[in-house]
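The following exercises are to be worked with the sequence and the model at hand. Each task is followed by a solution in steps.

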Protein chains: 2
Amino acid sequence: MPYFDAASSAPLHPVARQALLAALDEGWADPSRLYREGRRARLLLDAAREAAAEAVGCRPDELVFTPSGTRAVHDGIAGALAGRRRAGHHLIVSAVEHSSVLHAAAAHEADGGTVTEVPVDRTGRVAPGAYAAALREAPGGVALACLQSANHEVGTLQPVAEAAEECAAADVPLLVDAAQSLGWGPTEGNWSLLTASAHKWGGPAGVGLLAVRKGVRFRTVQPADERESGRSPGFENLPAIVAAAASLRAVRAEGVAEAERLRGLVERIRARVPELVPDVEVVGDPERRLPHLVTFSCLYVDGEALLHELDRAEFSVSSGSSCTSSTLTPSHVLRAMGVLSEGNVRVSLPRGTAGADVDRFLEALPGVVAGVRERLGAPKPAEAAAGPAPEPEPELVVDSLGKRCPIPVIELAKVIGEVPVGGVVTVLADDEAARLDIPAWCEMRGQTYEGERPAERGVAYRVRRRA
Amino acid sequence: MPYFDAASSAPLHPVARQALLAALDEGWADPSRLYREGRRARLLLDAAREAAAEAVGCRPDELVFTPSGTRAVHDGIAGALAGRRRAGHHLIVSAVEHSSVLHAAAAHEADGGTVTEVPVDRTGRVAPGAYAAALREAPGGVALACLQSANHEVGTLQPVAEAAEECAAADVPLLVDAAQSLGWGPTEGNWSLLTASAHKWGGPAGVGLLAVRKGVRFRTVQPADERESGRSPGFENLPAIVAAAASLRAVRAEGVAEAERLRGLVERIRARVPELVPDVEVVGDPERRLPHLVTFSCLYVDGEALLHELDRAEFSVSSGSSCTSSTLTPSHVLRAMGVLSEGNVRVSLPRGTAGADVDRFLEALPGVVAGVRERLGAPKPAEAAAGPAPEPEPELVVDSLGKRCPIPVIELAKVIGEVPVGGVVTVLADDEAARLDIPAWCEMRGQTYEGERPAERGVAYRVRRRA
């Protein structure tokens with residue numbers, strides 16, 4: 001049963017499992033105690049820290065273990081902001097960071113600080129020079145900048161080394177969230193702080209990493225605690241820490257070969273999906289990307305129905321669509337990229353994924369998408385483009401008020417054939433996803449999006465037929 | 001090799017190990033995902049929450065899992081203080097709370113809040129009515145009160161139910177740190193918040209509990225996160241959570257019988273140690289105490305040397321003495337109780353401890369203590385009391401400046417025989433432990449402690465010979 005959501009949580013690596021079992025027996029005591037069980041635990045902790053620091057590319061005394069990647073991000077950002085209070089209260093983040101970074105930024109704003117979100121291009125990548133511009137245009141002293149190493153939803157690699165240079169020139173520390181990439185290799189460039197999460201690389205849950213380079217000002221905002229250099233309070237989760245370090249070393253050893261293999265499988269998905277499924281947009285940078293992750297969006301498809309049908313066909317994937325039960329708004333990443341969010345599917349292959357499973361997915365997908373489209377009454381692929389020339393009408397209005405994604409786009413696609421070339425159709429919609437998906441549909445279908453304006457109810461989106 | 005430090009961290013319970021292994025296979029996926037691996041993880045998480053809530057005595061939706069007991073305490077106190085900001089900025093704690101509570105209180109003070117520490121008696125117990133008095137005398141509105149269920153260093157049970165009543169009468173929530181007792185039974189009384197730590201009852205590291213009763217005002221101070229009702233950010237440490245809940249249920253099932261058995265072993269230690277080792281003080285409440293924990297202090301003994309020798313004899317215990325490498329001041333608990341801190345030993349028996357191991361400990365202890373005393377040149381048991389009557393001197397001064405615990409007390413004991421009955425000896429010392437240990441020695445040896453005053457260097461402690 002293929003599990004294709006490694007970017008959410010990877011299955012436990014066999015080395016992590018072995019190390020965890022061994023450390024359950026050897027590493028349950030308090031490493032700060034002087035008796036033999038404590039000394040043994042301390043040796044395990046020290047060895048794990050050395051192994052993890054080597055993989056990160058920092059000194060062991062620069063690295064602490066946290067209870068999760070999220071806590072590493074929260075505590076890392078709060079500590080760096082507090083340590084740099086005198087330098088200023090401004091925080092720079094990219095618009096496509098993980099929610100843990102954006103939530104920490106929101107907490108900083110609620111606390112009186114200010115935040116800039118650096119925009120990305122249509123591939124999800126921050127432009128070179130974008131951090132320098134944000135630093136230049138900051139409303140006050142900049143305390144910290146954050147940039148992910150690679151995007152978790154579309155796989156695009158970020159220009160971390162360039163951003164680090166731009167930050168260094170302005171004497172501002174850069175925190176890199178390396179959660180998605182650390183298992184594949186160290187983070188390039190001269191970063192100041194780095195965070196990661198073990199369960200993303202096949203380590204156990206319950207372990208994050210926070211590295212703070214010597215010389216970076218840092219002040220823990222948590223209550224005092226003597227463990228982990230005072231930067232991460234609480235009894236060390238030692239067996240999991242040992243398993244995290246051992247598995248990081250193991251996945252790195254397999255890394256280059258496995259990355260190459262998975263890159264081939266992802267290439268197959270990237271190439272075949274648009275051939276097999278009509279009206280699909282593959283998103284993210286085609287070259288500068290994570291080896292194991294690919295994301296595409298299917299027009300006229302409800303994300304939740306798609307996930308459900310893929311699950312019935314025994315494929316586990318995730319979605320950044322707004323139409324899933326766990327969220328009501330489209331993914332902030334897809335929104336920042338300005339790409340289609342409806343019918344969104346993220347495939348992230350765990351290590352060891354068989355090529356045959358990818359092939360089975362490619363066989364199953366067209367039927368699953370077609371089934372969902374049919375139930376929603378979506379236009380047939382040919383229909384929208386080659387409808388019979390209709391009687392001209394002065395201006396068509398589609399009332400999609402009260403209808404959830406992807407219905408507004410389906411209704412737009414159904415009437416576009418009735419609009420004379422050069423004519424305009426207006427879609428009235430109050431679902432948040434329409435703001436993203438109607439312009440994205442226009443881009444995909446070669447129509448002209450003319451913008452939105454508030455309507456009596458909802459928002460009016462104007463589309464001009466080009467062909 | 002007997003491990004007698006369960007109060008620091010208990011060895012993993014076999015049920016915890018089994019549950020952890022099963023959950024490693026079944027529970028590694030993200031429980032917020034809709035596919036089958038996610039649904040399976042969600043079922044495990046829900047079942048663990050129900051089992052833990054039942055053991056705590058609360059509703060499942062009142063309980064969240066945190067990454068450690070310390071984080072449960074930090075986040076619980078911060079959340080309750082923030083939720084009650086309008087009621088006031090005062091926090092009440094006992095003087096013998098776990099360091100995580102006292103550190104959270106210190107953070108609250110640093111943040112502009114105020115704190116009362118409620119004193120304890122010589123057994124380490126808060127007096128009935130003490131919380132009512134603290135509430136009455138608070139300098140402003142009280143936001144929160146905290147009281148441990150049982151003390152972690154001396155085992156004394158606290159009057160939680162009475163304190164909860166006193167707090168309820170003042171409409172102030174009471175947070176109970178149940179870390180040491182939850183494995184033995186639910187916490188009595190009408191508490192408002194409760195915290196605990198799984199590795200204290202034989203569960204794995206990496207799991208704490210935070211229960212917040214419905215109706216208690218609570219505002220998370222962490223950045224937003226959708227997991228664990230927004231009260232504990234970060235990916236759930238699911239295998240460990242499953243193991244924590246399963247082992248809590250298991251230790252409770254064995255609880256009554258095992259508590260009775262360990263109580264007998266502890267009783268043996270309490271009775272025999274003062275018979276076997278001269279100049280020992282057993283501390284803590286003799287009746288109202290945890291079943292598995294006993295603490296005593298040995299005059300004229302250096303805590304670190306004692307731990308080291310016990311470790312060489314293959315006994316793992318801990319110490320609240322100042323003379324251990326991990327700390328420079330005596331335990332705040334022993335200080336609040338006003339009892340001897342030097343040569344302090346805490347024995348906390350894990351479940352399943354064999355009576356024969358306790359007997360071996362009782363056999364080894366007298367020789368170990370005598371050996372340490374001999375190397376330190378401590379007075380022989382008879383020596384101090386029955387020294388030859390000396391030439392009277394007007395006032396004797398012992399210069400122990402620059403000497404670490406237990407040397408000042410040893411030097412005092414050596415000269416007391418030279419002091420005429422009714423005469424005074426002054427000890428000059430600059431080691432912090434002397435402030436606690438010289439009065440405690442006087443209490444134990446029937447001498448009169450006359451107080452301290454600042455000296456040119458260090459502090460002058462005056463002792464009058466009574467007999």
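A polar contact is a pair of N or O atoms within 3.5 Å; within protein, one atom must be able to donate a hydrogen and the other to accept it, and residues adjacent in sequence count only if both atoms are side-chain atoms. The model examined here is predicted.

**Exercise 1. Describe the interface of chain B and chain A.**

Solution. Begin with the extent: 56 residues from chain B and 56 residues from chain A take part in the contact. The area buried between the two chains is about 4,600 Å², and carbon and sulfur atoms give 56% of it.

Next, turn to the polar terms. Between chain B and chain A, 28 residue pairs are in polar contact, both residues being at pLDDT 80 or more. The side of chain B that touches chain A draws two or more residues from each of helix H1 (14–26), helix H2 (36–56), helix H3 (69–83), helix H4 (99–110) and helix H8 (303–312) of chain B. H1(B) gives the most to this side, with five residues. By residue class, the side of chain B that touches chain A holds 25 nonpolar, 15 polar and 16 charged residues.

Finally, consider the charged pairs. There are 10 salt bridges between chain B and chain A. One of the salt bridges is formed by the side chains of B:Asp311 and A:Arg36, at 3.5 Å from N to O, which satisfies the cut-off of 4 Å.

**Exercise 2. Classify the aromatic pair of A:Tyr3 and B:Tyr35, and state why the pair joins two chains.**

Solution. The search of the whole structure yields 10 aromatic pairs over all chains. For A:Tyr3 and B:Tyr35, the distance is 5.6 Å centre to centre and the angle between the planes is 85°, and the pair is edge-to-face. Planes over 60 degrees apart fall in that class. As to location, A:Tyr3 lies in the segment before helix H1 (14–26) of chain A, whereas B:Tyr35 lies in the loop between H1 and H2 of chain B, so the pair joins two chains.

**Exercise 3. Characterise the contact of domain 1 and domain 2 of chain A.**

Solution. First, place the domains: chain A is divided into domain 1 (14–251), domain 2 (264–376) and domain 3 (381–464). The C-alpha centres of domain 1 and domain 2 of chain A are 29 Å apart. Domain 1 of chain A brings 25 residues to the contact and domain 2 of chain A brings 22 residues.

Second, assess the burial. These two domains of chain A bury about 2,000 Å² between them, with 57% on carbon and sulfur atoms. On the side of domain 1, A:Arg122, A:Glu153 and A:Trp184 lose the most area to domain 2 of chain A, together 35% of what that side buries.

Third, count the charged pairs. One salt bridge is found between domain 1 of chain A and domain 2 of chain A. A:Arg122 also forms a salt bridge with A:Glu281, with the closest N and O atoms 2.7 Å apart.

**Exercise 4. Which parts of chain A does the salt bridge of A:Glu228 and A:Arg49 tie together?**

Solution. The side chains of A:Glu228 and A:Arg49 meet at 2.8 Å, N to O. A:Glu228 lies in the loop between strand E7 (208–212) and helix H7 (238–276) of chain A and A:Arg49 in helix H2 (residues 36–56) of chain A, so the pair ties together parts that are 179 residues apart in sequence. A:Ser229 is placed in the loop between E7 and H7 of chain A, and its phi is near 55°, a positive value in a residue other than glycine.

Definitions and conventions:
Residues are numbered from 1 along each chain as its sequence is written. Chains are lettered from A and ligands numbered from 1 in the order in which they are written. This is a predicted model: local features need pLDDT of at least 70, side-chain atom pairs count only at pLDDT 80 or more; totals for chains, interfaces and linings use all residues. Side-chain values use heavy atoms; hydrogens and water are left out. Contact means heavy atoms within 4.5 Å. Buried area is the accessible area (1.4 Å probe) that two parts lose on being put together, summed over both. Helices (H or I, at least four residues) and strands (E, at least two) are DSSP runs, numbered from the N terminus. Ala, Val, Leu, Ile, Met, Phe, Trp, Tyr, Cys and Pro count as nonpolar, Asp, Glu, Lys and Arg as charged, and the others, Gly among them, as polar. Domain bounds come from an automatic or database domain assignment. Rings of Phe, Tyr and Trp (its six-membered ring) pair if their centres lie within 6.5 Å; planes under 30 degrees apart count as stacked, over 60 as edge-to-face and the rest as tilted.
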